[in-house]
Amino acid sequence: MTMAPSSPPPPTAASSQQARPERTILRVPEHTVEVVSDSGEGAQKCAQIFGRVSAKMGNGVWTVEIIPAEIQPPARTPESASGNRIRIGTKPVTNWGDHADVVVAFNEQVLLHRHRLGALAEDAIILIEDQWATHDDPDIRKAWADAMEELGQRSYRFIHVPMEEQCLTVTDTPRRGKNMFALGLLAWIYSRDLDKIRELIAQEFRKKAQALYDSNVALLELGHRWAEEHLDFRIQVPAIEADRPRVVMNGNQALALGAIAAGMELCAMYPITPATSASHYLSDIFERFGGLVHQAEDEIAAAGVAVGASFAGKVAFAITSGPGLALKTEFIGLAVMTEIPLVVVDVQRGGPSTGLPTKVEQGDLLAALFGQPGDAPHVVLAPATMEECFLSMTTARRIAEAFRCVVIVLSDANLATGVQPFPRPEVNEQWLAQSPDLGPVREGLRPYEWDPERGLSRRVIPGQPGGMHTVTGLSHDEWSHVGYTPDVHERGCVMRSRKLAVFQQMLRPPLVHGDDAGDLLIVGWGSTLGAIEEAVDRAREEGVAVSSVHLRFLSPLEPGLKEIFRRFKKVMTVEINYSDEPNDPYITDENRRRGQLCWLLRAQTLVDIECWTRVPGEPLRPGQILQAIRGHVPQEVTR
Amino acid sequence: MIDQACSLLSCGPDEDREWTMADYESAAARWCPGCGDHAILTAAQRLLETEQLPPEQTVFISGIGCASRFPHYMNTYGFHGIHGRALPVAIGVKLRRPDLHVFVVMGDGDCCSIGAAHWIHTLRYNPDIVALLLDNGVYGLTKNQTSPTSPKGKASNTQPRGALLPALNPLSATLGVTNASFVAQTGDWVPAHLYATLLAAYRHRGFAFVRILQRCPQYTTDLFEGAVRDPGLIELLVHPDGVAVSELERLYKNQVRHDPADLDAARRLAEPDGKIRLGVFYRNDALPVYEETRAVPTRSHAEKLALLNTELDRHAV
Ligand SMILES: Cc1ncc(C[n+]2csc(CCOP(=O)(O)OP(=O)(O)O)c2C)c(N)n1
Ligand code: SF4
Ligand SMILES: [Mg+2]
């Protein structure tokens with residue numbers, strides 16, 4: 001191969017010598033934007049601010065981070081792609097959509113990465129830094145030319161933007177300032193409120209120097225001016241007046257604030273992606289609230305510290321991801337056995353093992369339910385939105401205390417890093433934990449005075465005169481005395497299990513999205529809610545008799561499922577975890593390994609439930625789910 | 001708020017009550033006859049009596065093993081947890097309930113093998129907790145397997161031709177950790193020294209680590225027999241800042257004056273040279289205590305709600 005540069009395709013935007021171009025104004029109910037750069041060039045910051053300002057202006061928003069696996073991957077490589085997708089809409093946006101309509105790319109390699117993943121719409125408008133086309137280094141010119149050839153197979157519209165050249169007029173370090181220039185471009189295209197953006201920039205750099213703020217704002221305005229002078233289109237995504245005050249944050253921030261709203265007093269953790277950012281946020285603010293973050297020496301110790309604090313009457317939780325959940329297994333079993341309230345949050349990533357550290361998967365469901373040796377009944381719940389991340393912490397805390405049990409909250413990387421506006425929570429005293437009673441206990445009170453029907457009993461906490469006893473992970477009776485006889489062990493098992501049944505009876509059956517009966521019922525859980533419901537709505541518009549239910553409680557399962565399933569010809573789970581394809585080599589109906597919720601529902605309901613699952617390391621796209629729906633509607637009813 | 005309530009309570013109903021040894025006794029201990037753990041239990045009960053610790057304000061936390069059965073035999077609050085993990089639980093208790101007196105009891109497998117990470121890191125955190133390592137040089141409960149502190153050559157069920165590796169020295173290991181604040185060694189067969197050491201450990205402000213040489217007549221009969229029979233094999237560390245047991249000084253002729261403030265000397269004395277040294281190797285009361293470093297303001301519900309609203313404002317659309 002020769003190293004001679006082939007000439008780049010000509011820019012399709014008006015070049016800078018021309019007068020202001022004629023403008024088309026595109027008015028759409030929703031649009032999807034991606035900003036991608038090399039890791040470290042700040043595309044994420046740009047996109048976050050764009051998302052937040054859109055939320056502030058009343059648009060529905062959902063953002064998804066594009067995260068490279070390494071901190072500093074080699075620049076100008078597909079692996080280096082870092083940034084965000086932001087989907088904005090007139091109505092609330094509940095998922096990241098199918099394809100990006102507008103892309104701002106800082107080089108052609110990161111763009112190539114998104115292109116190869118099929119992330120870009122057929123007619124996507126791509127604003128790309130063009131310095132690489134004429135770069136001094138022939139290798140770079142060649143790479144650009146090759147990439148452009150590959151990208152040229154699609155009908156993308158390219159607009160060449162001299163980002164760095166422009167930024168140099170304002171800053172000596174254009175590589176670090178480009179992101180604000182890019183924000184300026186987007187702000188003009190989507191008519192974002194510049195004052196609100198300046199406010200957000202101020203917040204972002206509030207602890208840093210004024211000079212930094214000034215140069216960022218100058219770059220923003222520069223980008224805005226450049227767009228105004230050179231672009232021939234603008235996009236309008238009308239906003240809706242919000243009827244209630246709203247907040248906008250990502251799922252991990254929501255979990256962290258939710259923990260505070262729940263009255264939690266201790267977060268025990270060991271750093272692990274994608275859970276860590278929640279504890280970063282808590283480390284920043286928790287002490288003001290009288291709480292604290294304890295970074296333990298490992299996840300086992302983190303669980304132990306939470307268990308110890310809870311044993312001593314404080315409200316504690318541990319936050320981790322899959323590998324950490326595995327390490328906490330033994331302590332979770334101990335908390336179940338000793339009936340010490342414990343909340344464990346698992347922000348799931350791809351597994352097994354170290355897996356996909358930064359990417360979404362729903363692969364920990366069965367581990368969360370059944371990871372402990374022996375019979376260890378406990379509650380597992382899964383928030384489906386950012387708002388539910390916030391609410392789930394109070395729910396979990398209350399259940400853990402009322403039922404003296406373990407509650408595992410399953411979030412995931414999609415919720416953790418995605419940003420979505422939601423109604424501002426109105427927290428009152430009832431949300432916060434009550435301080436436990438430390439008064440003397442009644443003479444003869446047993447530490448496990450189980451209600452024989454319900455298995456519930458009152459906690460006795462160190463400090464209570466007359467309540468002295470030793471909790472133990474060994475099989476024990478109501479006195480917490482160790483006993484290995486069948487009656488002691490079996491009774492303990494019954495009591496711990498019965499609590500779950502009692503709790504299950506307090507739950508309501510899930511709501512069906514769509515008609516109550518039909519041909520196909522999709523069942524989902526966790527962060528896929530928005531994508532599933534969008535796909536179901538689109539299929540219903542096509543005339544398909546499909547509905548969906550979304551489960552928040554996985555252990556115990558919500559009541560009434562069998563009754564709902566009965567009303568549909570076919571039931572199918574949609575999940576982000578692995579399952580064998582029915583037609584793959586060696587796969588039979590008997591040996592097929594199914595999606596995790598599917599597995600659970602089949603066992604629990606004896607319904608022959610189908611599953612459609614994918615593990616792409618990214619959120620499911622509604623279009624994919626729509627295709628799955630089309631492919632799985634029972635044949636005899638499709639016309 | 002709990003802390004406030006607790007302090008009210010501890011000086012409340014039981015203020016005039018005098019606690020006796022019997023108040024700290026619970027179920028009859030089920031260790032083998034002649035097991036060193038019995039004497040350690042008695043010494044602990046004596047300590048509580050001397051210090052008049054209200055049973056409800058005292059917590060014994062353990063892992064799994066013979067030694068870890070300890071809390072069941074104390075009439076205090078107890079936590080008999082999982083193998084090797086007593087220390088994190090104790091940190092959780094002490095971190096948010098500094099009003100409680102926290103004791104940890106571990107075996108050598110518990111502390112020096114499966115829980116070794118917690119051992120090192122708890123030394124660093126330096127919570128105000130007393131930790132007792134009941135070191136019998138073997139896995140007792142699981143019936144005679146090699147432990148990290150088994151002397152090289154000791155036959156066990158897992159290393160029947162003798163322990164393959166030289167024994168880990170818990171004293172040197174402990175003294176090597178930054179922030180170690182109290183390190184002592186005593187033996188179950190010297191009750192006066194044992195008691196005095198526990199007392200010094202309890203009175204130390206910070207993490208007090210006491211290695212107790214513990215006889216296991218089941219599986220390591222010979223381990224300390226020589227020293228039990230021949231006081232000449234023992235060397236007492238004596239100093240006004242250490243433990244002073246005058247009645248022992250006639251029996252144990254070998255004595256070395258060691259200032260527990262001298263870390264270098266402590267490390268030298270901890271090295272194995274055939275002598276068994278009992279006493280305080282090191283103490284430093286001036287090191288910051290974790291639960292104090294991490295003390296946070298007590299907030300009322302109203303304050304929390306107000307702060308939460310301010311925080312939500314920052315995310316307001
Ligand atoms: C995770 C785990 N691994 C192994 C065991 C089995 N086990 C119980 S006690 C013990 C060792 C006990 O030795 P040590 O800590 O020295 O205490 P001792 O019995 O000698 O007092 C082992 C290996 C366990 N209970 N849990
Ligand atoms: S086996 Fe050894 S350590 Fe265990 S109780 Fe018996 S004598 Fe004590
Ligand atoms: Mg042992």
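Biologist: Which polar backbone atom is 2.8 Å from an oxygen atom of ligand 1?
Modeller: Keep in mind that this is a predicted model. Two N or O atoms count as a polar contact within 3.5 Å. An oxygen of ligand 1 meets that cut-off at 2.8 Å, and its partner is a polar backbone atom of B:Asp110.

Biologist: How much of ligand 1 does the protein bury?
Modeller: Start with the ligand on its own, which exposes 590 Å². Put the protein back, and the buried part of that area comes to 77%.

Biologist: What distances separate backbone N or O atoms of B:Val138 and B:Gly140 from an oxygen atom of ligand 1?
Modeller: For B:Val138, a backbone N or O atom lies 3.0 Å from a ligand oxygen. For B:Gly140, the distance from a backbone N or O atom to an oxygen of ligand 1 is 2.9 Å.

Biologist: Which helix gives the largest share of the shell around ligand 1?
Modeller: The shell has 17 residues, and B:Gly109 and B:Asp110 are among those that come nearest. By type, it splits into seven nonpolar, seven polar and three charged residues. Chains A and B both contribute, so the site is shared between chains. The largest share, four residues, is from chain B, residues 108-114: helix H4.

Biologist: Over on chain A, is helix H5 mostly buried or exposed?
Modeller: First, the geometry: 16 residues at 1.5 Å a residue should span 22 Å, and the end C-alpha atoms of H5(A) are indeed 22 Å apart. Just past this helix, A:Ser191 has a positive phi of about 50°. As for cover, 14 of the 16 residues are tucked away, so the rest of the structure largely encloses H5(A), making it mostly buried.

Biologist: What kind of aromatic pair do A:Tyr156 and A:Phe158 form?
Modeller: Over all chains, the count is 15 aromatic pairs. In this one the ring centres are 6.5 Å apart, with 75° between the planes. A:Tyr156 counts as buried because its relative accessibility is 8%, and A:Phe158 does too at 10%. Planes over 60 degrees apart get a particular label, and here that label is edge-to-face.

Biologist: How many residues apart are A:Phe403 and A:Phe503?
Modeller: These two form an edge-to-face pair, 5.4 Å centre to centre with 70° between the planes, and both are buried. A:Phe403 sits in the loop between helix H13 and strand S15 of chain A, while A:Phe503 belongs to helix H15 of chain A. The pair therefore links distant parts of the chain, with a separation of 100 residues.

Technical notes:
Residues are numbered from 1 along each chain as its sequence is written. Chains are lettered from A and ligands numbered from 1 in the order in which they are written. This is a predicted model: local features need pLDDT of at least 70, side-chain atom pairs count only at pLDDT 80 or more; totals for chains, interfaces and linings use all residues. Side-chain values use heavy atoms; hydrogens and water are left out. Helices (H or I, at least four residues) and strands (E, at least two) are DSSP runs, numbered from the N terminus. The expected span of a helix is 1.5 Å times one less than its number of residues. Buried means under 20% relative accessible area, exposed over 50%, partly exposed in between (1.4 Å probe, protein chains only). A residue is near a molecule or strand if one of its heavy atoms lies within 4 Å of it. A polar contact is a pair of N or O atoms within 3.5 Å; within protein, one must be able to donate a hydrogen and the other to accept it, and residues adjacent in sequence count only if both atoms are side-chain atoms. Accessible areas come from the Shrake-Rupley method with a 1.4 Å probe; for residues, only the protein chains shown count as cover. Ala, Val, Leu, Ile, Met, Phe, Trp, Tyr, Cys and Pro count as nonpolar, Asp, Glu, Lys and Arg as charged, and the others, Gly among them, as polar. Rings of Phe, Tyr and Trp (its six-membered ring) pair if their centres lie within 6.5 Å; planes under 30 degrees apart count as stacked, over 60 as edge-to-face and the rest as tilted.
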